[in-house]
Amino acid sequence: MLSSRTLDELLGARLTLKAETFQLGGAFKFRGAFNAVSSLGPDARAQGVCAVSSGNHAQAVALASRLCGTRATILMPSDAPALKRAATEGYGAEVIEFDRYHDDRDRLVRALAAERGLALVHPFDDPAVIAGQGTVALELLEQADELDVVMVPVGGGGLISGCATVCAALSPHTRVIGVEPLASDDVARSLSSGRRERVQVGRTIADGQQTPSPGELTWPIIRALVDSVVTVADEEIVAAMRFCFERLKLVVEPSGASALAALIAGSVPVTGLRVGVVLSGGNVDAVRVGSLLGGEEPQA
């Protein structure tokens, strides 16, 4: 849990930052993955597990599998960050590539699970995963003062579904606001239309949030419990990453910085409020941090 007087003065609010960059595996994903894998029976563990992920869930499932004594096979996009792939393989997982812009990731991973008899650990459409991710908000509410707003990055919706469920139970006055990249705004569109929308995955530096639609399990929770979802542009994410690096001395990956980016960009007015902000991960290598903060990497 971090705070920043500079950030509070900038926004006119009192912020509490949940730094999941220090979580095992470098992101919040370990919470859900370990909850799911450790809940499997001995027969399922003997067969092994599989997952599909651009990186953080991949690492989390690989590490959780190693800790629980089972094997992991992970489908990863061919353009997944090299750091995340190296960590996933370093934890002992087998990695199989796919094309995120043309392949149907859900179809591929379900076919893999059926072919090899593996237990599928979905990155967000799994009750055990959603429950595990919700411990982020549980800790926020336990350790911070009362919060008026909780800002949460959104991809497939596992993190925000878990957090919204916890807030609804323990602090119903707390508004839960999601943030996703402008280039993949499926959840914002779904909330606007009132039904589960599917979009063409756009190019964005926030690789962990490139999902075509909310999950089947997460969408009803989001629709019922999340107050709103806003979008951020890549340049706004970079500005938040730079603030974290320069002022907080914290390395945050693009997806992990999106919730803070929305606040710094003024997309959500929070003057006078107590705000919890989830910095959801920090798995980005030094070369990419340098290219992004130096303006060398093209942004969507």
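**Notes on a predicted model, starting from Phe 30**

1. Phe 30 is a good place to begin: its relative accessible area is 9%, so it is buried. Please keep in mind throughout that this is a predicted model. The structure holds one aromatic pair. In that pair, the ring centres of Phe 30 and Phe 34 are 5.4 Å apart and the ring planes make an angle of 25 degrees, so the pair is stacked. Both residues belong to helix H2 (residues 29-38), where they are four residues apart, about one turn of the helix. Phe 34 is partly exposed, with a relative accessible area of 32%; Phe 30, as noted, is buried.

2. Another ring worth a look is that of Tyr 101. The charged end of Arg 203 sits over this ring, at 4.0 Å from the ring centre.

3. Now to the sheets. One of them is an open sheet of five strands, with parallel pairing and the order E1-E9-E6-E7-E8. Its edge strands are E1 and E8 (228-232), each of which pairs on one side only. On average, and with direction ignored, neighbouring strands of this sheet are turned by 25 degrees against each other. At the E8 end, strand E7 (residues 175-181) pairs with E8 in the parallel sense over five bridges. If you would like a residue pair to find this place on screen, try Glu 180, whose bridge partner in E8 is Thr 231.

4. At the other edge of that sheet, Thr 16 is found in strand E1 (residues 14-19). Is Thr 16 buried or exposed, given that E1 is an edge strand? Thr 16 has a relative accessible area of 16%, and the cut-off for buried is under 20%, so Thr 16 counts as buried. Leaving aside neighbours within four places in sequence, Thr 16 is in contact with Met 1, Leu 2, Leu 140, Ala 144, Val 275, Gly 276 and Val 277.

5. Some of those names come back in the core. The largest nonpolar core has 38 residues, and the members that touch the most others are Leu 15, Met 151, Ile 237, Leu 260, Leu 263, Val 275 and Val 277. Among them, Leu 263 touches Leu 11, Leu 15, Met 151, Val 268, Val 270, Val 275 and Val 277, not counting residues up to four places away in sequence. There is also a second, separate core of 24 residues, which includes Leu 147, Val 152, Cys 163 and Ala 188. As background, nonpolar side chains in soluble globular proteins tend to be buried together.

6. Another open sheet has four strands in the order E4-E3-E2-E5, again with parallel pairing. Strand E4 (94-98) and strand E5 (119-120) stand at its edges; each has a single partner strand, so one side of each is left without a neighbour in the sheet. The partner of E5 is strand E2 (residues 49-52), and the two pair in the parallel sense over two bridges. Here Val 49 stands opposite Ala 119 in E5. Helix H6 (residues 105-116) packs on this sheet and touches E2, strand E3 (72-77), E4 and E5; the direction of H6 makes about 170 degrees with that of E2.

7. Two helices can be read together through their contacts. Ser 161 has its place in helix H9 (residues 158-170) and, at 0% relative accessibility, counts as buried. Apart from neighbours within four places in sequence, Ser 161 is in contact with Ile 130, Thr 218, Ile 221 and Ile 222. Ser 161 and Ile 222 are 61 residues apart in sequence, and their C-alpha atoms are 5.8 Å apart in space.

8. Leu 225 lies in helix H11 (residues 218-225) and counts as partly exposed, at 33% relative accessibility. With neighbours within four places in sequence left aside, the contacts of Leu 225 are Ala 164, Thr 165 and Ala 168. Leu 225 and Ala 206 are 19 residues apart along the chain, with 24 Å between their C-alpha atoms.

9. One backbone detail to check: what is phi of Lys 249? The value is near 55 degrees, which is positive in a residue other than glycine. Lys 249 lies in the loop between helix H12 (234-247) and helix H13 (254-264). With 66% relative accessibility, Lys 249 counts as exposed.

Technical notes. Residues numbered from 1 in each chain as written. Predicted model: local features only at pLDDT ≥ 70, side-chain atom pairs only at ≥ 80, totals over all residues. Heavy atoms only, no water. Buried < 20%, exposed > 50% of the residue type's maximum accessible area, 1.4 Å probe, protein only. Contact = heavy atoms within 4.5 Å. Phe/Tyr/Trp six-rings, centres within 6.5 Å; stacked < 30°, edge-to-face > 60°. Lys NZ or Arg CZ within 6 Å of the ring centre and 35° of its normal. Pairing = 2+ DSSP bridges. Axes fitted to C-alpha atoms, helices over the stretch in contact; angles between N-to-C directions. Core = buried A, V, L, I, M, F, W, Y, C linked by side-chain atoms within 4.5 Å.
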